[in-house]
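Reader: I would like a close look at one part of this model, taken slowly and with its surroundings included. Please choose a single strand and follow its connections outward from there.

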Amino acid sequence: MAEKLLKFVNLQRAMPEKRASETRRSDFGEIYAEFAAPAATAQASRCSQCGVPFCQVHCPLSNNIPDWLKLTAEGRLEEAYEMSSATNTFPEICGRICPQDRLCEGNCVIEQSGHGTVTIGAIEKYITDTAFDMGWVKPAKPARERKESIGIIGAGPAGLAAADLLRRKGYQVTVYDRHDRVGGLLIYGIPNFKLEKPIVLRRAELLKESGVTFKTNFEVGRDANLDDLRKQHDALLIATGVYKARELQAPGSGAKNIVPALDYLIASNRKGLGDHVPAFESGALDAAGKNVVVIGGGDTAMDCVRTAVRQGAKSVKCLYRRDRANMPGSQREVANAEEERVEFLWQSLPHSFLDDAEGKVRAVRTTRIHLGPPDSTGRQVPTPIEGSDFDVEADLVVKALGFDAEELPKLFDSPALAVTAAGTIKIDWRTLMTAIPGVFAAGDIVRGASLVVWGIRDGRDAAMSIDNYLSKALQHAAAE
Ligand SMILES: Cc1cc2nc3c(=O)[nH]c(=O)nc-3n(C[C@H](O)[C@H](O)[C@H](O)COP(=O)(O)OP(=O)(O)OC[C@H]3O[C@@H](n4cnc5c(N)ncnc54)[C@H](O)[C@@H]3O)c2cc1C
Ligand code: SF4
């Protein structure tokens with residue numbers, strides 16, 4: 001432990017002299033992966049058992065945090081695991097990637113009193129990682145098999161959480177996904193340094209062992225439409241996430257080496273998984289040795305800047321039109337990126353791209369922004385400052401401006417599927433059923449871009465709703 005602490009402190013000291021290009025992946029993996037685990041028991045005992053569990057209230061899964069912290073502090077890890085996994089399908093994943101500063105930890109009473117939060121996420125991760133190591137995590141074995149079959153479109157956290165609960169209840173579950181691997185954004189969006197991919201794959205294996213069938217490389221809209229699948233299953237769940245990248249309409253935006261965030265992150269994650277990725281190997285999606293500019297202020301932007309640092313970029317800059325206090329991304333992620341020598345240009349609006357003789361981007365022309373009085377949403381209105389243009393040198397520009405829903409009624413050839421003005425699926429919030437009877441929806445495709453923990457919550461709720469729906473249908477059939 002002392003050695004690791006020393007390594008951490010030494011690295012902190014060394015960092016100011018380092019450029020982004022010198023801080024490689026190997027500098028970080030050990031720290032973020034190992035630092036919290038040995039301290040888990042000591043950390044858990046810091047919980048004051050305050051009796052006002054704001055942490056639990058602010059956890060979307062209402063995890064019974066104080067009780068599993070107490071069990072951990074007492075060394076009763078198997079019981080802690082059982083309690084933690086009763087409300088969370090993937091505790092080790094949430095422990096790694098929830099923005100705890102905005103959820104449980106940000107509301108810890110000890111944090112509020114200025115003594116530093118109990119590191120709830122790290123302990124949650126530790127409990128379940130230990131449970132896997134000890135063989136306590138077993139595939140679901142339903143008490144009885146049910147003949148009804150359920151189709152789930154989308155193998156992200158929402159779809160997988162629903163698949164797990166439905167399988168536990170004995171249903172025959174088939175999950176369809178257009179990707180070649182299971183996990184949704186857990187596998188191809190969130191970078192490896194935040195969420196190691198074997199952690200996701202091990203969950204997929206467990207679901208397979210419990211009897212869930214996965215049909216990968218199966219794109220609904222191409223390989224079947226919604227109606228085809230509805231006929232094959234007694235109920236359907238749509239959990240397809242949101243994937244239409246928001247575009248930056250600006251002169252020069254067609255220049256080479258201006259890429260969407262998800263293309264960049266998928267290439268990096270595929271490389272990490274050992275795949276052959278021509279666009280990475282050609283250098284097009286590799287930041288090594290480049291001046292990288294990431295546009296956006298959300299968590300996706302933070303993942304891109306931190307990935308670029310690990311790939312050995314020469315410099316990494318993040319352009320965001322508002323200030324730090326108003327950015328949508330987690331403050332903890334920004335602090336991590338700053339620690340890794342990412343330069344943030346706050347209140348900076350890119351408005352055109354300059355290219356070289358080969359049509360490759362060479363700079364981003366940017367205007368300084370004045371933040372005016374708040375609008376009706378309460379956010380300060382950004383106004384460009386005249387004559388404040390400046391150029392930011394760039395060999396690779398990553399656009400991380402957020403995601404909207406794809407046009408599902410059209411894609412799925414299902415005009416009856418009602419959607420909101422934003423394109424997300426309309427549901428009855430009591431039953432989570434869409435406008436089509438027997439078809440439910442959950443996760444980002446209902447909420448818009450959100451969080452893994454909300455996807456899990458929605459998937460679990462949808463599973464309960466589907467169970468109610470099918471059980472009622474069975475009762476009706478028996479009564480007739
Ligand atoms: C880069 C990035 C980083 C993020 N980092 C974090 C983080 O650190 N912490 C956090 O809590 N949240 C994070 N999020 C948000 C989080 O990943 C999402 O909120 C969550 O994954 C949503 O889960 P989901 O199951 O609704 O959708 P997804 O995870 O998007 O899964 C949807 C699945 O549906 C499949 N699919 C889509 N259309 C079809 C079709 N037509 N046919 C078949 N399959 C289809 C997709 O291939 C995908 O596998 C991040 C998001 C991004 C983009
Ligand atoms: S699921 Fe997320 S919010 Fe809930 S306790 Fe775990 S880390 Fe905190």
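**Strand 1 and its surroundings**

Author: In this predicted model, strand 1, residues 149-153, has 5 of its 5 residues buried, so the strand is largely enclosed by the rest of the structure. The covering applies to both faces, since Ser149, Gly151 and Ile153 on one side are buried and Ile150 and Ile152 on the other are buried as well. The cut-off behind that word is a relative accessible area under 20%.

Strand 1 has a pairing partner in strand 2, residues 172-176, and the two run parallel, joined by 5 bridges. Within this pairing, serine 149 stands opposite glutamine 172 of strand 2. Strand 1 is also joined to strand 4, residues 235-238, by 4 bridges, and these two strands likewise run parallel. Here the bridge partner of isoleucine 153 is isoleucine 238 in strand 4.

These pairings belong to an open sheet of 5 strands, whose order is 3-2-1-4-16 and whose pairing is parallel. The edges of the sheet are strand 3 (213-215) and strand 16 (439-441), each of which pairs on one side only. On average, and with direction ignored, neighbouring strands of this sheet are turned by 20° against each other. Moving outward from strand 1 through strand 2, one comes to strand 3, which runs parallel to strand 2 and is joined to it by 3 bridges; in that pairing, threonine 174 has threonine 213 of strand 3 as its bridge partner.

The connection from strand 1 to strand 2 deserves attention of its own, because strand 1, helix 10 and strand 2 together make a right-handed β-α-β unit. Helix 10 comprises residues 157-168, and at 1.5 Å a residue its 12 residues should span 16 Å, which agrees with the 16 Å between its end C-alpha atoms. Like the strand before it in this unit, helix 10 is mostly covered, with 11 of its 12 residues buried. The buried residues include Pro157, Gly159, Leu160, Asp164, Leu165, Leu166 and Arg167, a list in which charged residues such as Asp164 and Arg167 stand beside nonpolar ones such as Leu165 and Leu166. After helix 10 comes glycine 170, whose phi is positive, near 100°.

Leucine 166 of helix 10 ties several of these pieces together. Leaving aside residues up to four places away in sequence, leucine 166 touches Ile150, Ile152, Tyr171, Val173, Ala463, Ile466 and Asp467. Of these contacts, Ile150 and Ile152 belong to one face of strand 1, and Val173 falls within strand 2, residues 172-176. Ala463, Ile466 and Asp467 fall within helix 20, residues 452-479, a helix that lies across strand 1, strand 4 and strand 16 and runs at about 160° to strand 4.

The same neighbourhood appears again when the nonpolar side chains are considered as a group. In soluble globular proteins, nonpolar side chains tend to be buried together. In this model the largest nonpolar core has 94 residues, and Ile152, Leu166 and Ile238 are the ones that touch the most other members. A second, separate core of 29 residues includes Val294, Tyr320, Met327 and Phe344.

For context beyond the chosen strand, another open sheet is formed by 5 strands in the order 6-14-7-8-9, again with parallel pairing. Its edge strands are strand 6 (258-260) and strand 9 (343-345), each pairing on one side only, and its neighbouring strands are turned by 25° against each other on average, direction ignored. Helix 14, residues 261-272, packs on this sheet, where it touches strand 6 and strand 14, and its direction makes about 80° with that of strand 6. Strand 6 and strand 14, residues 396-399, pair in the parallel sense over 3 bridges, with proline 260 standing opposite lysine 399 of strand 14.

An antiparallel pairing can be set beside these parallel ones: strand 10, residues 348-355, is joined by 7 bridges to strand 11, residues 361-374, and the two run antiparallel. Strand 10 and strand 11 form a hairpin with 5 residues between them, and glycine 359 in the turn has a positive phi of about 80°.

How values were computed: Residues numbered from 1 in each chain as written. Chains lettered and ligands numbered in written order. Predicted model: local features only at pLDDT ≥ 70, side-chain atom pairs only at ≥ 80, totals over all residues. Heavy atoms only, no water. Core = buried A, V, L, I, M, F, W, Y, C linked by side-chain atoms within 4.5 Å. Buried < 20%, exposed > 50% of the residue type's maximum accessible area, 1.4 Å probe, protein only. Contact = heavy atoms within 4.5 Å. Expected span 1.5 Å × (residues − 1). Pairing = 2+ DSSP bridges. Axes fitted to C-alpha atoms, helices over the stretch in contact; angles between N-to-C directions.
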